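User: I'd like a close look at one charged residue and what surrounds it in the fold, told as one connected account. Please give the cut-offs behind the terms as you go.

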Amino acid sequence: MKVRVDDKAKAKILEHNVKSVHCFLHICYSWAGQSAQPTVYVGSPEQMDKFEKYEDNEISVYVQKGLEIPKDELLITTSTFLWFEKLAVVGMI
């Protein structure tokens with residue numbers, strides 16, 4: 001699998017004085033049922049054995065094991081809502 005970290009995401013990650021992120025599918029529950037949301041957090045995961053490690057743009061990216069990635073490629077980038085910028089993972093579902 002190919003994992004890429006764009007320059008905006010790298011800058012956002014380095015603001016936290018770390019060089020790693022971890023990506024996983026977070027199950028969200030609501031009145032309409034449940035849905036899987038691609039999620040990315042700054043830092044290394046607590047349970048390292050549940051993640052595979054990839055490197056790009058000087059950043060370590062830990063991806064949840066067992067996921068079926070449709071195009072076999074993930075992009076760590078940023079997204080903006082109103083004036084808030086956050087990390088996002090593209091290609092997980």
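Is Lys-8 buried or exposed, and what is its relative accessible area?

Analyst: Happy to walk you through it. This is a predicted model, in which local features need pLDDT of at least 70 and side-chain atom pairs count only at pLDDT 80 or more, while totals for chains, interfaces and linings use all residues. Residues are numbered from 1 along each chain as its sequence is written, and side-chain values use heavy atoms, leaving out hydrogens and water.

Lys-8 is exposed, with a relative accessible area of 51% (buried is under 20%, exposed over 50% and partly exposed in between, with a 1.4 Å probe and protein chains only). Lys-8 has a charged partner: Glu-85 forms a salt bridge with it, and the closest N and O atoms are 3.4 Å apart (a side-chain nitrogen of Lys or Arg within 4 Å of a carboxyl oxygen of Asp or Glu). This contact links distant parts of the chain, with Glu-85 in strand β7 and Lys-8 in helix α1 (residues 7–14), 77 residues apart (helices are DSSP runs of H or I with at least four residues, strands are runs of E with at least two, and both are numbered from the N terminus). On the strand side, Glu-85 is partly exposed at a relative accessible area of 33%.

Helix α1 has another charged contact to offer. Lys-10 and Glu-58 meet through their side chains in a salt bridge, 3.6 Å from N to O. Lys-10 belongs to helix α1 and Glu-58 to the loop between β4 and β5, so this pair ties together parts that are 48 residues apart in sequence. The two ends of the bridge sit in contrasting settings: Lys-10 is buried, with a relative accessible area of 16%, whereas Glu-58 is exposed at 55%.

Ahead of the helix comes one more salt bridge. Arg-4 pairs with Glu-73, and their closest N and O atoms are 3.2 Å apart. Since Arg-4 lies in strand β1 (residues 2–5) and Glu-73 in strand β6, the pair ties together parts that are 69 residues apart in sequence. Both ends are partly exposed: Arg-4 has a relative accessible area of 33%, and Glu-73 has 31%. A search of the whole structure finds five salt bridges, including the ones described here.

Now follow Glu-58 into its own neighbourhood. β4 and β5 form a hairpin with two residues between them, and Asn-57 in the turn has a positive phi of about 55 degrees. These two strands pair in the antiparallel sense over six bridges (two strands pair if DSSP finds at least two bridges between them). Within that ladder, Tyr-54 has Val-61 of β5 as its bridge partner. On its other pairing, strand β5 (residues 59–64) runs parallel to β2, and four bridges join them. Here Cys-23 is matched with Val-63 in β5.

Together these strands belong to an open sheet of four, in the order β3-β2-β5-β4 and with mixed pairing. β3 and β4 (51–56) stand at the edges with a single partner strand each, so one side of each is left without a neighbour in the sheet.

Aromatic rings add contacts of another kind, and the structure holds two such pairs (ring centres of Phe, Tyr or the six-membered ring of Trp within 6.5 Å; planes under 30 degrees apart are stacked, over 60 edge-to-face and the rest tilted). Phe-24 and Tyr-41 have their ring centres 5.3 Å apart and their planes at 70 degrees, so they are edge-to-face. Phe-24 lies in strand β2 (residues 20–30) and Tyr-41 in strand β3 (residues 33–42), so the pair ties together parts that are 17 residues apart in sequence. Phe-24 counts as buried at 13% relative accessibility, while Tyr-41 counts as partly exposed at 44%. The other pair, Trp-83 and Phe-84, is tilted, with 5.3 Å centre to centre and 35 degrees between the planes.

That last pair brings us back to the residues before Glu-85. Trp-83 is exposed, with a relative accessible area of 68%, and Phe-84 also counts as exposed, at 51%. Leu-82 sits in the loop between β6 (73–81) and β7 (84–90), and it too is exposed, at 59%. From there the chain leads on to Glu-85 in β7 and its salt-bridge partner Lys-8 in helix α1, which is where your question began.
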